[in-house]
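Subject: A structure for you to look at

Hi,

Here is the chain I promised to pass on. Have a look around first, then read my notes below.

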Amino acid sequence: MKKIFTNSHQLQSHSLFQLDGPDYFHLARVLRVKKGDQFIIGNPSAKEYRSVIAAINSSTITFSIQEEIRRTKNYQITLFFSLLK
């Protein structure tokens, strides 16, 4: 499943979301997405939503948001440095 990111804080579960501008051009013309393709949409507040393309017009793509994906942020990072000569 493909993942895209947007700067919009207006994403809510069980709603419609429209994408236009350069993101529209990239999805519609470069990736050639079709109606019914599934995506994960992320926003700046670290929330992710599972969505499906509902419609593709001449200047916008409309996503139907199905559900919010709950992710936990429990990352444990261990760094090791190599010995220098």
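Below is what I found, going from the whole chain down to single residues.

First, some ground rules: this is a predicted model, so local features need pLDDT of at least 70 and side-chain atom pairs count only at pLDDT 80 or more, while totals for chains, interfaces and linings use all residues. Residues are numbered from 1 along each chain as its sequence is written, and side-chain values use heavy atoms, with hydrogens and water left out.

**The whole chain**

You'll find one helix and five strands in the chain, in the order β-β-α-β-β-β along the sequence. Helices (H or I, at least four residues) and strands (E, at least two) are DSSP runs, numbered from the N terminus.

How does the radius of gyration of the chain compare with that of a compact globule of 85 residues? The chain has 17 Å, whereas the globule would be near 12 Å. That radius is taken over C-alpha atoms, and the globule rule is 2.2 Å times the number of residues to the power 0.38. The C-alpha trace spans about 60 × 30 × 20 Å along its principal axes.

Of the 85 residues, 31% are buried. Buried means under 20% relative accessible area, exposed means over 50%, and partly exposed is in between (1.4 Å probe, protein chains only). About 6,800 Å² of the chain is exposed, with carbon and sulfur atoms supplying 51% of that; these areas come from the Shrake-Rupley method with a 1.4 Å probe, and for residues only the protein chains shown count as cover.

Now for contacts, meaning heavy atoms within 4.5 Å. Among the contacts with a separation of 6 or more, 53% are between residues 24 or more positions apart.

**The core**

Nonpolar side chains tend to be buried together in soluble globular proteins. A nonpolar core here is a set of buried Ala, Val, Leu, Ile, Met, Phe, Trp, Tyr and Cys residues joined through side-chain atoms within 4.5 Å. The largest one in this chain has 15 residues, and Ile4, Phe17, Leu27, Phe39, Ile61 and Phe63 touch the most other members. Strand 2, helix 1 (22-30), strand 3 (38-42), strand 4 (48-56) and strand 5 (60-69) each give two or more residues to this core.

Try clicking on Leu27. Not counting residues up to four places away in sequence, Leu27 touches Ile4, Leu19, Arg32, Val33, Phe39, Ile61 and Phe63. One of those, Arg32, sits in the loop between helix 1 and strand 3. Arg32 is exposed at 64% relative accessibility, and has a positive phi of about 55° although it is not a glycine.

**Buried residues in strands 4 and 5**

Is Ser51 buried or exposed? Ser51, in strand 4, counts as buried because its relative accessible area is 0%. Leaving aside neighbours within four places, Ser51 is in contact with Asp37, Gln38, Phe39, Ile41, Phe63, Ser64, Ile65 and Gln66. Gln66 is 15 residues away from Ser51 along the chain, yet their C-alpha atoms are separated by 5.2 Å.

Over in strand 5 you'll meet Thr60 and Thr62. Thr60 counts as buried at 14% relative accessibility, and Thr62 is buried too, with 8% relative accessible area. Again skipping neighbours up to four places away, Thr60 touches Gln18, Leu19, Asp20, Tyr24 and Ala55. With that rule, the contacts of Thr62 are Leu16, Phe17, Gln18, Val52, Ile53, Ala54 and Ala55.

**Two histidines in a loop**

Which loop holds His14? His14 lies between strand 1 (2-5) and strand 2 (16-20), and His9 has its place in the loop between those strands as well. His14 is exposed because its relative accessible area is 67%; His9, at 59%, counts as exposed too.

Beyond four places in sequence, His14 touches Ile65 and Gln66, while His9 is in contact with Asn43, Pro44 and Ser45. For some distances to check, the C-alpha atoms of His14 and Leu27 are 22 Å apart, with their positions 13 residues apart in sequence. His9 and Leu83 are 74 residues apart along the chain, and their C-alpha atoms are separated by 46 Å.

Have fun exploring!
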